[in-house]
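Here is a short briefing to read beside the model. Take a moment to look it over, then follow the topics below.

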Amino acid sequence: MTLFELKCEAYLKDFIELKESFDILSKYINFSIYQSKKLDLENKDKSMNNYCFGNFYPTESDRIYKKDKVYKFVIRSIDKELINELEILLYQNLNNKFLQVINVEKKDIKQYFIKELYSATPVIVSDRRDSQGKQLFWSLYYNGDISSLQKRLQNNLEKKLKQFYKEEVNDSNSFIQEIELKNEKPQSIYFKTTKNSKEKIVRLIGNKLRIVPNKDEISQKLAFLSLAVGLGEKSSLGGGFCFGRGA
């Protein structure tokens, strides 16, 4: 298994608050994909996105990214063609009012043994809907059982493995040996959507996690897959972007 990565440098044309940054980056990437009819059609045909991205870095102490400064962000995918085309398309997205990608470095990363996974962005896991139909998300406060989070992460990665590699996981054991919540309060990702000409801000609730994967072959494959396409849900909105620490 190999993942494909773009390390991007972006010049900011305006100030961007941290809470707006996921939405702005997501729309920049999605618009770039939309410029390729082939990539756009392939993206619409998938029930799960085959890429993920991290937020701008370095972060700012006042939680506001500064106008006229250059920040970095990373996009990863299992799809080499997607990364190859994005390497060019990101430059061509010239009319975005918030940012312009000015440099891109491409890297292929072969599967390696992962000792620990760390989520750099909130890991989003949907739960039930409330009596008003509002989508709820897993949190320790409301769910109380971290094993239910573990099961949902496992099921999500198994579905991704089946969709992207046509592989079934026959062993019911979890890929997670140890899991730790790194935040006291739930973390948030915000994005804007428009319905009936009205703009609405949607809040996704997630958690920062530290995970120790098991050492067997399938566990390591699932752990590595999470680096390429994100851990949990909403990777196209910035959810579940992870870093892996090798042995």
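Is Lys166 buried or exposed? Lys166 is exposed, with a relative accessible area of 68%; buried means under 20% relative accessible area, exposed over 50%, and partly exposed in between, using a 1.4 Å probe and protein chains only. This is a predicted model, where local features need pLDDT of at least 70, side-chain atom pairs count only at pLDDT 80 or more, and totals for chains, interfaces and linings use all residues. Residues are numbered from 1 along each chain as its sequence is written, and side-chain values use heavy atoms, leaving out hydrogens and water.

**Nonpolar cores**
- The largest nonpolar core has 33 residues, and Leu6, Phe56, Phe73, Ile75 and Leu90 touch the most other members.
- A nonpolar core is a set of buried Ala, Val, Leu, Ile, Met, Phe, Trp, Tyr and Cys residues joined through side-chain atoms within 4.5 Å.
- Helix 1 (18-34) is one of the elements that supply at least two residues each, and the largest share, 6 residues, comes from helix 1.
- Helices (H or I, at least four residues) and strands (E, at least two) are DSSP runs, numbered from the N terminus.
- A second, separate core of 28 residues includes Ile114, Val123, Leu227 and Leu231.
- In soluble globular proteins, nonpolar side chains tend to be buried together.

**Helix 5 and its partner**
- Helix 5 (residues 146-165) has 20 residues, which should span 28 Å at 1.5 Å a residue, and its end C-alpha atoms are indeed 28 Å apart; the expected span is 1.5 Å times one less than the number of residues.
- Buried residues of helix 5 include Leu149, Leu153, Leu157 and Phe164.
- The axes of helix 5 and helix 6 come within 10 Å and cross at roughly 80 degrees; axes are lines fitted to C-alpha atoms, for helices over the stretch in contact, and angles run from 0 to 180 degrees between N-to-C directions.
- Helix 5 and helix 6 are therefore roughly perpendicular, a label for angles of 65 to 115 degrees.
- Among the residues making this contact (heavy atoms within 4.5 Å) are Leu161 of helix 5 and Leu222 of helix 6.

**Unusual backbone spots**
- Most residues other than glycine have a negative phi, and most peptide bonds are trans.
- Lys166, just after helix 5, has a positive phi near 60 degrees.
- Arg63 has a positive phi near 65 degrees and lies in the loop between strand 3 and strand 4.
- The peptide bond from Tyr57 to Pro58 is cis, with omega near 5 degrees, and Pro58 is in the loop between strand 3 and strand 4.

How values were computed
Parallel < 35°, antiparallel > 145°, perpendicular 65-115°, else oblique.
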